[in-house]
Amino acid sequence: MTDVSTTETVPRKRIDALDVARGVALVAMATYHFSWDLEFFGYLEPGTSTTGALKYYARSIAASFLFLVGVGIMLAHANGIRWPAFARRWLKIAAAAALITIATWFATRETFVFFGILHHIAFASLAGLFFLGLPWWALAAIAAAIFIGTPFLQSPIFTPLGMVWTGLSSTPPRSNDFVPVLPWFSAVLAGMAAAKLVFIARTPPRVLTPEGWSANSPLSRLLALFGRWSLTFYLAHQPILIGLVFLVSLAFPAQPPSFSASCSAACTAQFEAEPCAVYCACAEAELEAAGKLESLLSEPETAQSDLETSAIIAQCAFEAGITGDGRNR
């Protein structure tokens, strides 16, 4: 690891503006997770939270959060790695990541979280230490190279679970929260570059100094509090939101989604939209004509074992030009 000697002193006091920024990112993350919860309980159409505007909203939140992680790494260790503080913080993050994996394994085993945002932060907190000695422009250049170059490095050989966490798999795994090393580590490096440029290479703006601006309003104080207790907020917010939606669902249960919506969401998770539209239209029409659609909607597990239903689904998939390996013919 590299200790960095600089003529500037990186502030040790907390910077309210950065705490508020973390708080904003956390609240934004909670709003996205709330949309996921609504979808999980059937109040939103399947696929709503993972497609369209919400998909890019989630990515922008993750990028901003990891950018701030990079800023924090540089501010904490630019004048020398503070090993005791680093070890305490890293162990907390790693333990929280392990807790998320265990909890989601029992709650949603098919889409459990094996490398989510906390796993990435644990990785980045270690990996970022190797980059502390680089100038800001080199950090920015590496971040840009990772972001631009990752798609060109992706290959099916990285698909197994033991390698998919790298982000180099050409087929993303099924997971409720997947933030692989590449290209997301580029956001961390970008945050480190920005921190080095702003706090070390020059005098930072007063708003980014402990004395320059204070969170005095009720809203800013609340956001700063969230930012200071970011790990606690992250671990607590989703159980609370899920619990609230669950209680509402007991009194006002959601209507089951239509066949076309469910079929489209399941299909587009693996295939392109156009063949999925053909497949779902074919399946709905043929299953209804055969009198199998109602049973498929009411008892999907039983209906899927029916030979006639399976034959209809297979024939429609063939006509739409999609195969079981995640590719279009």
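# A guided reading of an all-helix chain

Thr232 lies in helix α9. The model in which this residue is found is a predicted one, and Thr232 offers a convenient place to begin reading it. At 47% relative accessibility, Thr232 counts as partly exposed, because that class covers values between 20% and 50%. The C-alpha atom of Thr232 is separated by 25 Å from that of Ala195, and the two residues are 37 apart along the chain.

Helix α9 itself runs over residues 230–251, and Phe246 also has its place there. With a relative accessible area of 40%, Phe246 is partly exposed. Phe246 belongs to a nonpolar patch on the surface, together with Ile240, Leu244, Leu247 and Leu250. The accessible area of these five residues together is about 520 Å².

From this helix one may step back to the chain as a whole. What secondary structure does the chain have? There are 14 helices and 0 strands, so the pattern read along the sequence is one α after another, from beginning to end. Along the principal axes, the C-alpha atoms fill a box of roughly 80 × 45 × 30 Å. The chain has 329 residues, of which 42% count as buried.

The next topic is charge pairing. Side chains of opposite charge can pair when their charged atoms come close. The structure holds 6 salt bridges. One of them is formed by Asp16 and Arg228, whose closest N and O atoms are 3.1 Å apart. This pair links distant parts of the chain, for Asp16 is in helix α1 and Arg228 is in helix α8, 212 residues apart. Are these partners buried or exposed, or in between? Asp16 is buried, with a relative accessible area of 13%, whereas Arg228 is partly exposed, with a value of 36%.

A second salt bridge joins Arg22 to Asp19, with 3.0 Å between the closest N and O atoms. Here the partners are separated by about one helical turn, because they are 3 residues apart in helix α1. Both Arg22 and Asp19 are buried.

The salt bridge between Arg174 and Glu110 has its closest N and O atoms 3.7 Å apart. It too links distant parts of the chain: Arg174 is in the loop between α6 (161–164) and α7 (181–200), while Glu110 is in the loop between α3 and α4, 64 residues apart. Both Arg174 and Glu110 are exposed. Elsewhere, salt bridges that share partners join Arg14, Asp16, Asp19, Arg22 and Arg228 into one network.

Some members of this network appear again in the second largest pocket. That pocket has a volume of about 1200 Å³. Which residues are closest to its centre? Of the 34 residues that line the pocket, they are Arg14, Arg22, Arg89, Arg228 and Ser230. The elements that give two or more residues to the lining are α1 (16–40), α2 (52–77), α3 (83–107), α4 (117–127), α8 (218–228) and α9. Helix α2 provides the largest share of the lining, with 8 residues. By character, the lining residues of the second largest pocket divide into 18 nonpolar, 6 polar and 10 charged.

Two further details complete the reading. The first concerns the backbone. Most residues other than glycine have a negative phi, and most peptide bonds are trans. Leu182 and Pro183, however, are joined by a cis peptide bond, with omega about 5 degrees. Pro183 lies in helix α7.

The second detail is found in helix α14, which covers residues 307–320 and contains Ile313. Ile313 is partly exposed, with a relative accessible area of 25%. The C-alpha atoms of Ile313 and Ala289 are separated by 13 Å, and these two residues are 24 apart along the chain.

Technical notes: Residues are numbered from 1 along each chain as its sequence is written. This is a predicted model: local features need pLDDT of at least 70, side-chain atom pairs count only at pLDDT 80 or more; totals for chains, interfaces and linings use all residues. Side-chain values use heavy atoms; hydrogens and water are left out. Patches are made of residues with over 30% relative accessible area and no salt bridge: like charges are joined within 9 Å, nonpolar side chains (Val, Leu, Ile, Met, Phe, Trp, Tyr) within 5 Å. Accessible areas come from the Shrake-Rupley method with a 1.4 Å probe; for residues, only the protein chains shown count as cover. A salt bridge is a side-chain nitrogen of Lys or Arg within 4 Å of a carboxyl oxygen of Asp or Glu. Helices (H or I, at least four residues) and strands (E, at least two) are DSSP runs, numbered from the N terminus. Buried means under 20% relative accessible area, exposed over 50%, partly exposed in between (1.4 Å probe, protein chains only). On a 1 Å grid over the protein atoms alone, a cavity is a set of points where a 1.4 Å probe fits but cannot get out, and a pocket is an open set with protein on both sides within 12 Å along at least five of seven lines; lining residues have an atom within 4 Å of a point. Grid points are joined across faces, edges and corners, and a volume is the space filled by probe spheres set on the points. Ala, Val, Leu, Ile, Met, Phe, Trp, Tyr, Cys and Pro count as nonpolar, Asp, Glu, Lys and Arg as charged, and the others, Gly among them, as polar.
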